[in-house]
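The following paragraphs offer a guided reading of a protein model, moving from aromatic contacts to the sheet and its surroundings. Please keep the structure in view while reading.

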Amino acid sequence: MKNILYIASEAVPFIKTGGLADVVGSLPKAVKGDEFDVRVVIPLYRVIPDYYKTQMEYMMNYQVELAGQWIYAGVFRLEVDGVTFYFIDNEHYFSGSWPYEGGLWDLEKFAYFSKAALLMCMCIGFKPDIIHCHDWQTGLVPVYLKNEFWDWNRYGDFYQGIKTIMTIHNLKFQGVWNIKDMMRITGLGGYLFTSDKLEAYGDGNYLKGGLVYADWITTVSSVYADEIKYPFYGAGLDGLLRARSNNMTGIVNGIDYNEYDPASDPLIVHNYSADNFRTEKVKNKTALQEELGMNVDPDRFMVGIVSRLTDQKGVDLIDCVMEDICREDLQFVILGTGEARYENMFRYYEWKYKDRVSASIMYDNTRSHRVYAACDAYLMPSLFEPCGLSQLMALRYGTVPIVRETGGLKETVHPYNEFEGTGNGFSFANYNAHEMLHIIEYAKRTYYEYRDNWNAIAERGMRDDYSWQASARKYEDLYRMLLG
């Protein structure tokens with residue numbers, strides 16, 4: 001049995017702000033338990049629901065040395081779906097109303113968390129063969145491990161031979177601050193803040209440290225792994241990633257096929273499957289039309305979006321051609337929050353075209369499931385998208401994705417070829433509003449004029465396998481390769 005420890009800042013079902021939590025909470029369940037003992041450690045945030053806190057078992061506490069101070073760390077334990085989760089307790093650092101509070105405070109608390117998670121392994125007697133780190137919040141784990149924790153006089157051979165993997169979920173976020181303050185809060189020596197280690201463009205960089213010291217790097221899609229080797233997507237670290245490209249793999253994320261299953265989803269109005277969606281899926285459309293106060297028409301082409309309303313998600317493209325999108329032969333359903341200008345833009349178009357535009361400026365999990373189940377197409381024109389989960393959910397529900405060819409969108413959505421009868425969606429290459437509009441019009445024409453072809457596209461998407469089971473096999477291969 002090989003021991004794998006995931007160290008991350010969030011995990012479902014305890015705390016979630018983005019796709020990182022889905023990976024950390026779902027992937028361990030899918031990795032083969034007879035070969036790998038996968039456990040997870042996250043902070044014990046105050047905002048974790050009491051439902052879970054009351055079930056946690058207190059294990060022990062110990063002291064963590066950080067920049068010359070000795071700081072309390074408690075360990076709690078809870079098993080969920082066969083996976084053991086550990087929680088690092090410290091009210092000073094983790095009592096905020098949100099996991100991330102910004103600035104130097106986040107850098108300090110995640111430096112503490114990185115050391116506390118490493119020290120926990122020795123204190124509870126669980127020696128990982130591999131430590132799998134996720135995003136900048138854990139970037140110091142490989143740095144501490146291969147410097148301070150390799151001190152034979154303090155720790156003996158406990159930490160010797162442990163391999164590390166650094167997974168990039170979104171390269172845009174790196175944990176950057178000035179070197180003087182970063183040295184003070186981390187306790188790391190100045191020799192580590194050089195251009196070949198933690199220094200980048202005059203500042204200290206947590207993620208860069210993790211990428212330098214990790215034995216292997218992964219990203220959340222193979223296309224994104226290629227994209228970040230170039231300046232546009234590389235966020236200043238493209239040179240390092242090119243240098244480490246022989247130790248980097250892209251593995252696309254999956255989704256929980258139990259949670260996102262139109263045949264059994266309790267949140268949607270009418271269940272259906274790949275076998276009967278041609279007649280049953282439309283019942284969700286008419287139900288959503290009634291719920292949102294739109295014209296009830298089972299034949300109207302309905303496009304949905306469930307997203308953060310930001311430039312990264314391509315909302316500026318939609319803004320540019322929104323008047324063209326809102327033609328009478330289409331309905332547009334929006335669910336999400338984000339930049340005020342985009343929230344107000346969608347509110348305006350809902351006011352102007354109440355019969356065919358609905359803007360729910362909020363996040364509602366039940367409604368998100370209903371949008372996936374009701375719509376004919378799902379629009380996702382991202383500027384960049386490391387992996388993306390929404391298009392996978394849309395495929396699962398037979399809602400045909402319309403995406404820009406970037407990152408995980410390009411890897412998972414294969415453009416429809418009307419001559420060969422292949423593809424599970426529609427895509428466009430350039431970040432251009434009118435190119436996006438053209439492909440929306442093409443999809444709409446296919447829906448209205450070639451309904452059998454449209455249904456075949458939707459069925460191919462429903463029968464694709466983007467579950468965690470598929471992705472887990474690739475992670476298992478990586479673990480085996482690293483352990484020789």
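Phenylalanine 301 and tryptophan 454 are both buried. The model is a predicted one, and these two residues are a convenient place to enter it. The centres of their rings lie 5.6 Å apart and the ring planes meet at 85°. An angle over 60 degrees counts as edge-to-face, so the pair of phenylalanine 301 and tryptophan 454 belongs to that class. Phenylalanine 301 is in strand S13 and tryptophan 454 in helix H20 (residues 451-463), so that the pair links distant parts of the chain, 153 residues apart. Both residues also belong to a cluster linked by ring pairs, in which Tyr416, Phe426, Tyr442, Tyr447 and Tyr448 take part as well. At one member of this cluster, tyrosine 447, a charged residue is added: arginine 451 lies over the face of the ring, 3.8 Å from its centre.

Aromatic pairing recurs elsewhere, and the count for the model comes to 36 aromatic pairs. Another of these pairs joins tyrosine 100 and phenylalanine 110, with ring centres 6.0 Å apart and planes at 45°, so it is classed as tilted. Tyrosine 100 is placed in the loop between helix H3 (91-94) and helix H4 (103-124), whereas phenylalanine 110 belongs to helix H4; the pair therefore ties together parts that are 10 residues apart in sequence. Phenylalanine 110 is buried, its relative accessible area being 0%. A charge over a ring is found again at phenylalanine 158, where the charged end of lysine 127 sits 5.9 Å from the ring centre.

We turn now to the sheet. It is open and has 9 strands with mixed pairing, in the order S3-S4-S5-S2-S1-S6-S7-S11-S12. Strand S3 (57-66) and strand S12 (248-250) form the edges, each pairing on one side only. From one strand to the next, the twist averages 25°.

Starting from the S3 edge, S3 and S4 are antiparallel and share 9 bridges. Within this pairing, glutamate 57 stands opposite arginine 77 in S4. The two strands form a hairpin with 2 residues between them, where alanine 67 takes a positive phi near 50°. Strand S4 (residues 69-80) is in turn joined to S5 by 7 bridges, again in the antiparallel sense. Here arginine 77 has tyrosine 86 as its bridge partner in S5, and glycine 74 stands opposite aspartate 89. A hairpin with 2 residues between the strands connects S4 and S5 too, and aspartate 81 in its turn has a positive phi of about 55°. The next pairing is parallel: S2 and S5 meet over 5 bridges, with arginine 39 opposite threonine 84 in S5.

How many of the residues of strand S5 (residues 83-89) are buried? The number is 7 of 7, so the strand is largely enclosed by the rest of the structure. Val83, Phe85, Phe87 and Asp89 point one way from S5, while Thr84, Tyr86 and Ile88 point the other way, and all are buried.

At the opposite edge, strand S11 (residues 216-219) runs parallel to S12 and is joined to it by 3 bridges. One of the residues involved is threonine 219, whose bridge partner in S12 is glycine 250. Helix H8 (residues 206-213) packs on the sheet, touching strand S7 (163-168) and S11, and its direction makes about 135° with that of S7. Helix H21 (residues 468-482) lies across strand S1 (2-7), strand S2 (36-43), strand S6 (130-134), S7 and S11, and runs at about 170° to S11. Lysine 146, in the loop between helix H5 (140-145) and helix H6 (152-155), makes a side-chain polar contact of 3.0 Å with aspartate 215. Its contacts also include Thr164, Tyr213 and Ala214.

The last element to consider is helix H16 (residues 365-374). Of its 10 residues, 7 are buried, so this helix is largely enclosed by the rest of the structure. Among the buried residues are Arg367, His369 and Tyr372. Their cover includes helix H13 (282-292), strand S14 (330-335), helix H17 (390-396) and also strand S13 (301-306), the strand that holds phenylalanine 301. At the N-terminal end of H16, aspartate 364 acts as a cap, with a side-chain oxygen 2.9 Å from the backbone nitrogen of threonine 366.

Definitions and conventions
Residues numbered from 1 in each chain as written. Predicted model: local features only at pLDDT ≥ 70, side-chain atom pairs only at ≥ 80, totals over all residues. Heavy atoms only, no water. Pairing = 2+ DSSP bridges. Helix = DSSP H or I, 4+ residues; strand = E, 2+ residues; numbered from the N terminus. Axes fitted to C-alpha atoms, helices over the stretch in contact; angles between N-to-C directions. Contact = heavy atoms within 4.5 Å. Buried < 20%, exposed > 50% of the residue type's maximum accessible area, 1.4 Å probe, protein only. Polar contact = N/O pair within 3.5 Å; in protein donor to acceptor, adjacent residues only side chain to side chain. Phe/Tyr/Trp six-rings, centres within 6.5 Å; stacked < 30°, edge-to-face > 60°. Lys NZ or Arg CZ within 6 Å of the ring centre and 35° of its normal. Lists of a residue's contacts leave out its neighbours within four places in sequence.
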